[in-house]
Amino acid sequence: MDLIERMNRAMEYIEECAGENPDPEILAGITLCSGDHFRRVFSSLAGITLTEYIRRRRMTLAALELLKKDRRVLDVALEYGYGSADSFARAFQSVHGISPSEVREGGELTSWPRMRFSLTVKGAEEMNVRLVEKEEFRIVGIRKRVNLIFQGVNPEIQEMAEQLTPEIIGYLKSLSDREPAGIISASANFSEGRMEEKARLDHYIGVATGRTDTEGDFAVLPVPAGTWAVFRTVGPFPETLQNAWGRIYSEWFPASGYESTGGPEILWNEGPDTGNPEHVSEIWIPVQKSAGVK
């Protein structure tokens, strides 16, 4: 059974317990992957977060119950996991644009249908990927909590890069003794809403090193040993990279038998000339085999 089929079984489970919060351990057992990886793949394929999908489905089913004349608003609120009619009414209006009491007055409802996944194999665009085993290392450099931006240059990250004086760059490069070599960027600790461009993350600009005798007030991110999937891209920056990020989670992971470990995602650029139409980059993502895959 592949990941897409397992995700559809997870959708069935979510539907069965629409009035409750799905148990993360049950979801992990159905999909045979970690909860974080399931949420990322779901968001990439669905275009919304898992939490938002569950909320919309819950309110869609609740609206159908309210159309039954014998159901009180409070009864439906309790059935769908709300402790009071007021909290239920606020959630209901945020999805449908009307209050629960207006449903029986003929108010227009917004219906969110049950989701089912399928994998379309396009085949027109190849993905250059290799697997690399790495010992534990550290990322040393500067760090900032930034907003995630899908399109164009992120101004917060651009401001970070401007802090790197030639002296700082020279010192950091002297520490670089691990692949990917030289100055790298790394993203870690994503908040929810990643696939809706609502997330925040810790962004690092620095180097990969095994050294512990670093000087100066630099941020340090320990990275455990493991397997990395390395995706090589060639094309205009940053459009080619941003397209690759989406394809990795929507195409490669569902078909690969691997899942993200949730560790830092690293970006390496071959050179500083981002205006080169043949700009070369590598995306490094720590991975592990999905449960049940030999």
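Helices and strands are DSSP runs, numbered from the N terminus, with at least four residues for a helix and at least two for a strand. In this predicted model, that numbering places Pro238 in the loop between strand 6 (226–234) and helix 10 (239–256). The peptide bond leading into this proline, from Phe237 to Pro238, is cis, with omega near 5°. A cis bond also joins Glu179 to Pro180, here with omega near -5°. Pro180 belongs to the loop between helix 9 and strand 3 (184–188).

Another backbone feature is found at Asn189, in the loop between strand 3 and strand 4. Although Asn189 is not a glycine, its phi is positive, at about 55°. The relative accessible area of Asn189 is 46%, so this residue counts as partly exposed.

With these loops in place, the view can widen to the whole chain. The protein chain contains 10 helices and 9 strands. Taken along the principal axes, its C-alpha atoms fill a box of roughly 75 × 40 × 35 Å. Of the 294 residues in the protein chain, 45% are buried. Contacts across the sequence tell a further part of the story: among those between residues at least 6 apart, 72% join residues at least 24 apart.

At the start of the numbering, helix 1 (residues 3–16) meets helix 2 (residues 24–31), and their axes come within 8 Å and cross at roughly 150°. The crossing of helix 1 past helix 2 is right-handed. Helix 1 brings Leu3, Arg6, Met7, Arg9, Ala10, Tyr13 and Ile14 to the contact, while helix 2 brings Ile26, Leu27, Ile30 and Thr31. Sorted by character, the residues of this contact comprise 8 nonpolar, 1 polar and 2 charged.

Aromatic rings offer another way to read the structure. Rings of Phe, Tyr and Trp pair if their centres lie within 6.5 Å, and by this rule the count comes to 11 aromatic pairs. In one of them, the rings of Tyr82 and Phe88 have centres 5.7 Å apart and planes at 65°, so the pair is edge-to-face. Tyr82 has 16% relative accessibility and therefore counts as buried. Phe88 is buried too, because its relative accessibility is 0%. A stacked arrangement appears in the pair of Tyr171 and Phe218, with 5.8 Å from centre to centre and 20° between the planes. This pair links distant parts of the chain, 47 residues apart: Tyr171 is in helix 9 (residues 166–175), whereas Phe218 is in the loop between strand 4 (200–209) and strand 5 (219–223). With a relative accessibility of 21%, Tyr171 counts as partly exposed. Elsewhere, ring pairs join Phe231, Tyr249, Trp252, Phe253 and Tyr258 into a cluster.

Rings also take part in arrangements with charged side chains. The charged end of Arg56 is placed over the ring of Trp112, 4.0 Å from the ring centre. Similarly, Lys134 lies over the face of Phe137, and the distance to the ring centre is 4.7 Å.

Methods:
Residues numbered from 1 in each chain as written. Predicted model: local features only at pLDDT ≥ 70, side-chain atom pairs only at ≥ 80, totals over all residues. Heavy atoms only, no water. Axes fitted to C-alpha atoms, helices over the stretch in contact; angles between N-to-C directions. Left-handed = near helix turned anticlockwise from the far one by under 90°. Contact = heavy atoms within 4.5 Å. Nonpolar A, V, L, I, M, F, W, Y, C, P; charged D, E, K, R; others polar. Phe/Tyr/Trp six-rings, centres within 6.5 Å; stacked < 30°, edge-to-face > 60°. Buried < 20%, exposed > 50% of the residue type's maximum accessible area, 1.4 Å probe, protein only. Lys NZ or Arg CZ within 6 Å of the ring centre and 35° of its normal.
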